[in-house]
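Reader: I'd like a close look at one part of this predicted model. Could you take me through the cysteines, and then work outward to whatever surrounds them?

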Amino acid sequence: MTSAPNAGTTESGVVDEVDRRPREELYMALQQDGQQLAVRLVRLLHRMADRTGMNPTDFQCYMLLRASGTMTPGEIADSLCLSTGSVTGVVDRMEAHGLVERTPHPLDRRKVAVRLVEGAEGRIGPTAPGMRQAMIDLHSGYTLEELEIIVDWLDRAGTTLDSLIEPRT
C-alpha cells in the first residue's frame, strides 16, 4: 500500500504520520465522495436506459437480473422498492421486448421465476459505449496490491450496504 501524498519517510524508511490527513477528515471525504459517486451512478443508469429506449425502472430490473440472475417477482420488488403489481408491469414489458421469460420456480411450484433470455444483452444494444476501456484506463495506474485493496473495499462496502438494507414487509 502506498503512503499518503503528504507523508514523509524517515531515514529508516518508516512513514512519518505527522503529515497525513486526520482520520476524521478522510471519513468526511469518503462520505462526500461516496455520495457524489452514488449520484453519478444514478445519472449513468438513466443515460444507459435512454440509450436502450427503456424506461429507468425497466432498465434497473434488467441490470438487477444481469447482476443477480434469476429472481422471483417478489425479490425484484423488494430489491427495487416497487410493489409487486408494478413489477408485473415491468416484467410484462420486458417479456414483450424479448428480454426476459417467466419460468416455474425450481424449488417452489407456487412461484414464478424471472430470468433474462439468452442473448438479451445483444437485443438492447450497447448501454455505455467505452465504459470497459474507461474502467481499464482508470485502474491501470494502480499496483496489483492496490487493486486487491480496492476489490476488498468494494466487497466490504457492498456487504455493509446489504446489512443496512432492510427487507420490505
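Author: The disulfide count here is zero. A disulfide needs a pair of cysteine sulfur atoms within 2.5 Å, and in this predicted model no pair gets counted. Two cysteines are worth a look for how they sit. C61 is buried, at 0% relative accessible area. C81, on the other hand, counts as exposed because its relative accessibility is 55%, and the cut-off for exposed is over 50%.

Now for the buried side of things. The largest nonpolar core has 25 residues, and the ones touching the most other members are F59, I76 and M94. Elements giving two or more residues to this core are α1 (23–52), α2 (56–68), α3 (73–80), α4 (84–96) and α5 (120–124). The top contributor is α2, with five residues. If you want one residue to zoom in on, try F59: ignoring neighbours within four places in sequence, its contacts are L45, M48, A49, T52, M54, I124 and T127.

For the wider frame, the protein has seven helices and four strands, running β-β-α-α-α-α-β-β-α-α-α along the sequence. Of its 169 residues, 22% count as buried. Among contacts with a separation of 6 or more, 43% join residues 24 or more positions apart.

With no disulfides counted, let's turn to the charged pairs: there are eight salt bridges. One of them joins R102 to D92, with the closest N and O atoms 2.7 Å apart. R102 is in strand β3 (residues 100–104) and D92 is in helix α4, so this pair ties together parts ten residues apart in sequence. R102 also pairs with E95, at 2.5 Å between the closest N and O atoms. That puts D92, E95 and R102 in a network of salt bridges. As for cover, R102 is partly exposed at 32%, D92 at 38% and E95 at 34%.

Strand β3 has another link to check out. R115 forms a salt bridge with E101, where the closest N and O atoms are 2.6 Å apart. Since R115 lies in strand β4 (residues 112–116) and E101 in β3, the pair ties together parts 14 residues apart in sequence. Both ends are partly exposed, R115 at 35% and E101 at 29% or under, namely 28%.

Last stop, the outside. The accessible surface comes to about 12,500 Å², and 55% of that belongs to carbon and sulfur atoms. M131, M135 and L138 make up a nonpolar surface patch, with about 250 Å² of accessible area together. L138 belongs to helix α6 (residues 131–139) and is partly exposed, at 47% relative accessible area.

Key
Residues are numbered from 1 along each chain as its sequence is written. This is a predicted model: local features need pLDDT of at least 70, side-chain atom pairs count only at pLDDT 80 or more; totals for chains, interfaces and linings use all residues. Side-chain values use heavy atoms; hydrogens and water are left out. Patches are made of residues with over 30% relative accessible area and no salt bridge: like charges are joined within 9 Å, nonpolar side chains (Val, Leu, Ile, Met, Phe, Trp, Tyr) within 5 Å. Accessible areas come from the Shrake-Rupley method with a 1.4 Å probe; for residues, only the protein chains shown count as cover. A salt bridge is a side-chain nitrogen of Lys or Arg within 4 Å of a carboxyl oxygen of Asp or Glu. Buried means under 20% relative accessible area, exposed over 50%, partly exposed in between (1.4 Å probe, protein chains only). A nonpolar core is a set of buried Ala, Val, Leu, Ile, Met, Phe, Trp, Tyr and Cys residues joined through side-chain atoms within 4.5 Å. Contact means heavy atoms within 4.5 Å.
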